[in-house]
Amino acid sequence: MTVATAGPKRANRLQATKRNNQMVTAYWEELFRAPEEGRLVCWYEGIQMNPILQAADVAWCHGEAMSALLAARNQEGPAQAVAEAQGYDRELCSYARTHIGCGVLTQQEHNPDDDLAPLPGEALPERNLGERVPVPDMIISAYPFCSTGQQWDDMLYRTFGKRVPIFNISMPWIWGNKSSAKYMAGPEFRDAVDFMVAQLRECVAFIEGRTGKRYDWDRLSELMGHIKQASELRLEAMALCRSRPSPASFFEWTNSIAPVNFLPAGPEIVEYFADKKAEIAQRLVDGVGSVPQERYRLYWDGIMNWNKIGWLADKFANYDACVVSGRYTHLGFWQEPQVIDLDDPLDGMAQNFLSCPISISAPQVIEKTIEHCRDYSIDGMILHGAHTCRAFSYPQFLIGEAVGRDLAIPSAMFEGDMVDESFYSDELVNSRVEAMLEQIDAQRARA
């Protein structure tokens with residue numbers, strides 16, 4: 001087995017992915033300018049509320065995205081430190097802790113008595129990204145399954161002195177324990193979709209109340225058309241990675257979450273995934289893999305360490321292991337675009353929100369995971385337990401047990417976190433991953 005420390009092998013990055021960073025930077029700069037341009041700002045967490053807000057010309061800050069951005073650019077420290085100083089424990093969801101810290105920093109930024117204000121003649125201090133997020137004019141809370149999500153928004157509401165209007169959406173959990181219940185089918189799912197649609201309509205009325213303008217439903221349909229097309233291209237490009245060697249990896253899809261999560265809908269996100277699919281298709285023609293010498297094909301269960309994406313991509317490439325697919329990237333983010341009806345966009349939106357992997361119960365998650373492991377010819381499974389995200393981590397032992405029993409796929413579990421890298425131990429990761437790869441080698445030798 002190849003030993004992976006600091007080695008010469010690196011993952012072959014897709015050129016198209018570089019455009020993602022440009023789009024992300026442009027989006028955040030536009031958000032930072034929103035108040036100057038007279039636009040209202042909404043803070044929200046959880047499901048993709050951005051097309052609903054975009055149709056009303058409201059700027060938005062997605063809490064998890066802000067936290068991930070800070071981590072990816074190594075600027076999460078000040079926000080996390082100020083949140084901890086306010087009494088938020090390190091065991092709290094690091095997304096929430098970081099975003100609440102942004103709320104505190106934003107409060108300081110707008111406080112005329114702030115100690116950070118420069119003295120006469122002094123240059124303005126360089127501002128951390130977390131300080132530049134505009135104060136919200138409204139908050140929308142719409143978090144699937146995770147109880148922290150609801151409390152997170154309540155703490156933001158309190159952080160801003162209970163003066164910012166908040167709208168709460170209750171996300172139903174799909175239990176799926178009746179014989180009639182199937183993935184995205186059955187009376188339970190339909191009832192939940194109808195419940196969600198009714199709440200989304202009430203949310204639109206709430207937004208109308210804040211903007212004082214009639215909601216533009218035609219604009220929403222237009223935006224959802226772009227999202228549907230981009231999502232279809234994304235899934236088609238992912239499917240090309242069933243080939244050996246895989247032309248792209250899970251890490252490339254992680255780097256492409258923003259266009260299907262919080263970036264503005266429009267022709268740009270469609271072009272982005274069209275270009276990405278074309279580059280992947282060309283790699284198939286040329287026989288180029290994401291990993292120079294692919295010997296192992298792995299599945300990643302868990303959220304990403306946002307401060308270690310490129311580093312982990314190279315780490316696994318050095319093991320000759322391609323992480324081909326994952327629950328986070330392949331089972332969420334407009335993962336079912338075919339149900340989006342542009343004449344009735346809220347219903348398709350609700351169906352996507354309620355079929356994401358933290359809205360459905362463990363048996364349905366396991367069913368979809370096994371399906372993907374078969375589709376992508378997976379040899380082994382990485383179970384990344386995010387230390388501060390119980391919502392994503394809770395079924396992981398069940399998933400690992402199921403794929404081991406049904407598909408004879410070994411797994412390696414280690415802890416890390418979304419945006420707090422202090423929970424990550426490289427020595428532990430090395431030992432767990434190497435043990436799993438040795439197990440795969442042993443299985444092959446016996447075959």
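**Two parallel sheets and the helices around them**

Let me begin with one residue: leaving aside its neighbours within four places in sequence, H226 is in contact, meaning heavy atoms within 4.5 Å, with A265, G266, P267, I269 and V270. Before going on, I should say that this is a predicted model, in which local features need pLDDT of at least 70 and side-chain atom pairs count only at pLDDT 80 or more, while totals for chains, interfaces and linings use all residues. Residues are numbered from 1 along each chain as its sequence is written, and side-chain values use heavy atoms, with hydrogens and water left out.

H226 is found in helix α8, where helices (H or I, at least four residues) and strands (E, at least two) are DSSP runs numbered from the N terminus. Is H226 buried or exposed? H226 counts as buried because its relative accessibility is 17%, and the terms here are buried for under 20% relative accessible area, exposed for over 50% and partly exposed in between, with a 1.4 Å probe and protein chains only.

Two of the residues that H226 touches, I269 and V270, are also among the buried residues of helix α10, which further include Y272, F273, K276, E279, I280 and R283. The cover over the buried residues of α10 includes α1 (17-33), α8 (217-239) and α9 (250-254). Helix α10 covers residues 267-286, and because its 20 residues at 1.5 Å a residue should span 28 Å, the 29 Å between its end C-alpha atoms agrees with that expectation; the expected span is 1.5 Å times one less than the number of residues. Just after α10, G287 takes a positive phi of about 70°.

Staying with α8, we can look at how this helix packs against another one. Two packed helices are described by the angle between their axes and the distance between the axes. For α8 and helix α13 (residues 345-354), the angle is about 45° and the axes are 10 Å apart; axes are lines fitted to C-alpha atoms, for helices over the stretch in contact, and angles run from 0 to 180 degrees between N-to-C directions. That makes α8 oblique to α13, on a scale where angles under 35 degrees are roughly parallel, over 145 roughly antiparallel, 65 to 115 roughly perpendicular and the rest oblique. On the α8 side the contact is made by W217, L220, S221 and M224, and on the α13 side by P345, L346 and M349. These residues divide into 6 nonpolar, 1 polar and no charged, where Ala, Val, Leu, Ile, Met, Phe, Trp, Tyr, Cys and Pro count as nonpolar, Asp, Glu, Lys and Arg as charged, and the others, Gly among them, as polar.

Now to the sheets, where two strands pair if DSSP finds at least two bridges between them. One open sheet has 4 strands in the order β2-β1-β3-β4, with parallel pairing. Since β2 (59-62) and β4 (166-168) stand at the edges with a single partner strand each, one side of each is left without a neighbour in the sheet. From one strand to the next, the twist averages 20°. Strand β1 (residues 41-46) pairs with strand β3 (residues 138-142) in the parallel sense over 5 bridges, and C42 stands opposite M138 in β3. Helix α3 (residues 63-72) lies across β1 and β2 at about 65° to β2, whereas helix α6 (residues 147-159) lies across β1, β3 and β4 at about 165° to β3.

In what order do the strands of the other open sheet run? Its 4 strands follow the order β6-β5-β7-β8, again with parallel pairing. Here β6 (321-326) and β8 are the edge strands, each with a single partner strand, so one side of each is left without a neighbour in the sheet. The twist in this sheet averages 30° from one strand to the next. Helix α16 (residues 396-407) lies across β5, β7 and β8, running at about 175° to β7, and helix α17 (residues 426-446) touches β5, β7 and β8 as well, its direction making about 170° with that of β8.

Strand β7 is mostly covered, with 7 of its 7 residues buried. In a regular strand the side chains alternate between the two faces of the sheet. In β7, G380, I382, H384 and A386 point one way and M381, L383 and G385 the other. Strand β5 (residues 296-301) is joined to β7 by 4 bridges, with Y299 partnered by M381, and β7 (residues 380-386) is joined to β8 by 6 bridges, with H384 partnered by F414. Finally, β8 (residues 411-416) has a covered face of A412, F414 and G416 and an uncovered one of S411, M413 and E415.
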